[in-house]
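Hi everyone, thanks for making room for me today. I'd like to walk you through one model, so please have the sequence and the structure open.

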Amino acid sequence: VREVGFLLSEKIDSNLPESILRRLFRHAKITARVSDFDGNLTMSLLLSEHMQRRIFWMGYYSQDIAHLLNHLLKPGMVVLDVGANIGEITMLAAQRVRPEGRVFSFEPMDEISKQLEWHIKTNQLHQVSIQKIALGETIADNIPIYLSCGQVIEDENGGLGSLYGGNQGQNPVQHITVTTLDDWQSKQHLERIDLIKIDIEGAELACLKGAKKSIQQYRPKIIIEIQDFSSARAGY
C-alpha cells in the first residue's frame with residue numbers, strides 16, 4: 001500500500017495520496033521496517049507515532065530540510081543535530097557528509113536515544129557520534145525533562161520532550177545533563193562546524209546563548225525551529 005501511495009503521488013505530482021494513507025492508518029499499532037529511507041537507509045518506524053508515521057507514508061518528516069541539506073552539505077563537513085530524535089536529520093546529514101565528515105547527534109531522552117542508536121548502528125554510519133546530553137545556556141546535572149511543554153497532542157508524539165513542562169503539572173520523564181555548546185566544543189577541539197540544526201521545544205534561545213563563541217568562531221549555517229507556543233513556555 002505504501003509503494004502504491006508513492007507511485008500515485010509521483011504520477012499526479014502531489015503528496016495527496018500519501019497524506020490520505022497517513023491519515024487512514026494513523027492508529028495502526030504496528031512497527032514497520034523500511035530500507036529505502038533517503039534512498040537506501042533502514043529505519044524501524046512505529047506507525048501510530050506522529051513523526052515516524054509521516055516518514056513511513058510520505059518518505060520524510062522534514063522534506064524541506066532534506067532538500068535544503070542537498071544544497072548546504074558536502075563531503076567532509078561537520079554537522080551538529082541538536083534534538084536528534086530518532087535520527088532523521090542525523091541520517092540525512094551523514095549521507096551527505098560521507099564517511100570523511102562528522103555528525104554529532106544530541107538526544108538526551110533514553111527511549112528515543114535507543115532508537116537513534118539502533119538506526120546509526122544498523123546503517124553503519126560510523127561518522128555519527130551520539131551525545132546523550134542536552135544543550136542550553138548553563139551547565140547543570142539532574143535537570144528534569146518532560147514529555148512536552150504543554151502542547152495539546154492528538155497523536156502519539158515522542159518528539160516533544162522539553163525542559164519546560166514542569167509548570168504544566170507534568171511529572172518528569174527522567175533527569176538529564178545539560179551543558180553549553182561552547183563548553184562541549186572546548187573538549188572536542190573540532191577544526192570546523194559547518195551546520196547546526198536546533199529543534200528542542202523551547203530551549204532554542206538558551207542553546208544559542210550557550211553557543212556564542214562557537215558560532216563566532218565557525219560561522220556555521222543554522223537551521224532552527226522558532227515556535228510561538230514553546231518559546232512562550234520557556235519565557236521569551
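**Starting at the N terminus**

Let's begin with V1, which is exposed, with a relative accessible area of 62%. Before I go on, please keep in mind that this is a predicted model. V1 sits in the segment before helix 1, and that helix covers residues 2-12.

Now, which residues join V1 in a nonpolar surface patch? They are I12, L16, I20, L24 and F25, and together with V1 they make a patch of about 590 Å². The element that gives the most to this patch is helix 2, residues 16-24, with 3 residues.

Helix 2 has another side to its story. Its buried residues are P17, E18, S19, L21 and R22. If you look for what covers them, you'll find helix 1 and helix 3, residues 50-58, among the elements that do so.

Let me move on to the aromatic residues. How many aromatic pairs does the structure hold? The count is 5. Take F56 and W57 as one of them: the ring centres are 4.9 Å apart and the planes stand at 85°, so this pair is edge-to-face. For an edge-to-face label the planes have to be over 60 degrees apart. F56 is buried, at 11% relative accessible area, and W57 is buried too, at 5%.

My second pair is F106 with W184. Here the ring centres are 5.0 Å apart and the planes are at 70°, so we call this one edge-to-face as well. Why does this pair tie together parts that are 78 residues apart in sequence? Because F106 lies in strand 4, residues 102-106, while W184 lies in helix 7, residues 181-188. Both of these residues are buried.

Back to F56 for a moment. Along with F25 and W57, F56 forms one aromatic cluster, and F25 is a residue you've already met in the nonpolar patch. F56 also has a charged partner: the charged end of R2 sits over the F56 ring, 5.0 Å from the ring centre.

Next, some backbone geometry. As a reminder, most residues other than glycine have a negative phi. With that in mind, have a look at N142, where phi is positive, near 60°. N142 lies in strand 7, residues 140-145. Is N142 buried or exposed? It counts as exposed, at 55% relative accessibility.

H189 is another residue with a positive phi, near 55°. Where is H189? You'll find H189 in the loop between helix 7 and strand 9, which runs over 195-198. At 63% relative accessibility, H189 counts as exposed.

My last stop is L72. This residue belongs to helix 4, residues 63-72, and at 23% relative accessibility L72 counts as partly exposed. Which residues does L72 touch, leaving out those up to four places away in sequence? The answer is M77, L195, K221 and I223. As for I215, that residue is 143 residues from L72 along the chain, and their C-alpha atoms are separated by 17 Å.

That's my tour. If you'd like to spend longer on one spot, I'd suggest F56, with R2 over its ring and with F25 and W57 in its cluster. Thanks for listening, and I'm happy to take questions.

Methods:
Residues numbered from 1 in each chain as written. Predicted model: local features only at pLDDT ≥ 70, side-chain atom pairs only at ≥ 80, totals over all residues. Heavy atoms only, no water. Phe/Tyr/Trp six-rings, centres within 6.5 Å; stacked < 30°, edge-to-face > 60°. Buried < 20%, exposed > 50% of the residue type's maximum accessible area, 1.4 Å probe, protein only. Helix = DSSP H or I, 4+ residues; strand = E, 2+ residues; numbered from the N terminus. Lys NZ or Arg CZ within 6 Å of the ring centre and 35° of its normal. Contact = heavy atoms within 4.5 Å. Patch = residues over 30% accessible without salt bridge, like charges linked within 9 Å, V, L, I, M, F, W, Y side chains within 5 Å. Areas by Shrake-Rupley, 256 points an atom, 1.4 Å probe, with all protein chains shown as cover. Salt bridge = Lys/Arg side-chain N within 4 Å of Asp/Glu carboxyl O.
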